[in-house]
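Welcome! Take a moment to look over the sequence and the fold, and then let us walk through a few parts of it together.

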Amino acid sequence: QGRLVESGGGLVQPGGSLRLSCAASGIMFSISTMGWYRQAPGNQRDMVASITSAGSTIYADSVKGRFTISRDNAKNIVYLQMNNLKPDDTAVYYCRALYVYVYWGQGTQVTVSS
């Protein structure tokens, strides 16, 4: 059974950086499309960034130029490097894997505040 475990969240000041990691097990990671989503209180869960098995990436307009998604197929890990963080980036960040089935992680809290 597939499992995704996120890590790297925390409290950071505006303008700061964080790197989220998502470790995958029990899935066909190298051929899965991996994504990061986020959900703030009272809001829907929205896509932040996605990377295909071929390495093609897409980003939400709100994070373009600040966030970078990458993957390490040898380690079954997908990363989200977040720079120049803003208070509006505060949310629970979820990792998602897609290949026939969809898997979600449990989420990691990111809080951007001074």
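## A covered strand and its surroundings

Strand β8, made of residues 77-82, is mostly covered, with five of its six residues buried. Please keep in mind that this is a predicted model.

Which strands are joined to β8? On one hand there is β3, linked to β8 by six bridges in an antiparallel run. On the other there is β7 (residues 67-72), and here too six bridges make the link, again with the strands antiparallel. The bridge partners below can help you find your way.

| Residue | Partner in β8 |
|---|---|
| Leu18 | Met82 |
| Phe67 | Met82 |
| Ile69 | Leu80 |

So much for the pairs; now for the turn. β7 and β8 make up a hairpin, and four residues lie between the two strands. Within that turn, Asn76 has a positive phi of about 60°.

## The whole sheet

Step back, and you will find an open sheet of four strands, ordered β1-β3-β8-β7, with antiparallel pairing. Which strands stand at the edges? They are β1 (3-7) and β7; each has a single partner strand, so one side of each is left without a neighbour in the sheet. From one strand to the next, the twist averages 15°. As a general point for reading such a picture, side chains in a regular strand alternate between the two faces of the sheet.

## Two residues in one loop

Now follow the chain to the loop between β3 (18-25) and β4 (33-39), where you will find Ile31. Ser32 lies in the loop between β3 and β4 as well.

Is Ser32 buried or exposed? Its relative accessibility is 2%, so Ser32 counts as buried; the cut-off for buried is under 20%. What is Ser32 in contact with, leaving aside neighbours within four places in sequence? Its contacts are Ile27, Ile51, Thr52, Ser53, Arg71, Leu98 and Tyr99.

Ile31, by contrast, counts as partly exposed because its relative accessibility is 35%. That residue also belongs to a nonpolar patch on the surface, formed by Met28, Ile31, Tyr99, Val100 and Tyr101. Together, these residues have about 550 Å² of accessible area. Tyr99 therefore links the two parts of this story: it is listed among the contacts of Ser32, and it is a member of the patch with Ile31.

Technical notes:
Residues numbered from 1 in each chain as written. Predicted model: local features only at pLDDT ≥ 70, side-chain atom pairs only at ≥ 80, totals over all residues. Heavy atoms only, no water. Patch = residues over 30% accessible without salt bridge, like charges linked within 9 Å, V, L, I, M, F, W, Y side chains within 5 Å. Areas by Shrake-Rupley, 256 points an atom, 1.4 Å probe, with all protein chains shown as cover. Salt bridge = Lys/Arg side-chain N within 4 Å of Asp/Glu carboxyl O. Buried < 20%, exposed > 50% of the residue type's maximum accessible area, 1.4 Å probe, protein only. Contact = heavy atoms within 4.5 Å. Pairing = 2+ DSSP bridges. Axes fitted to C-alpha atoms, helices over the stretch in contact; angles between N-to-C directions.
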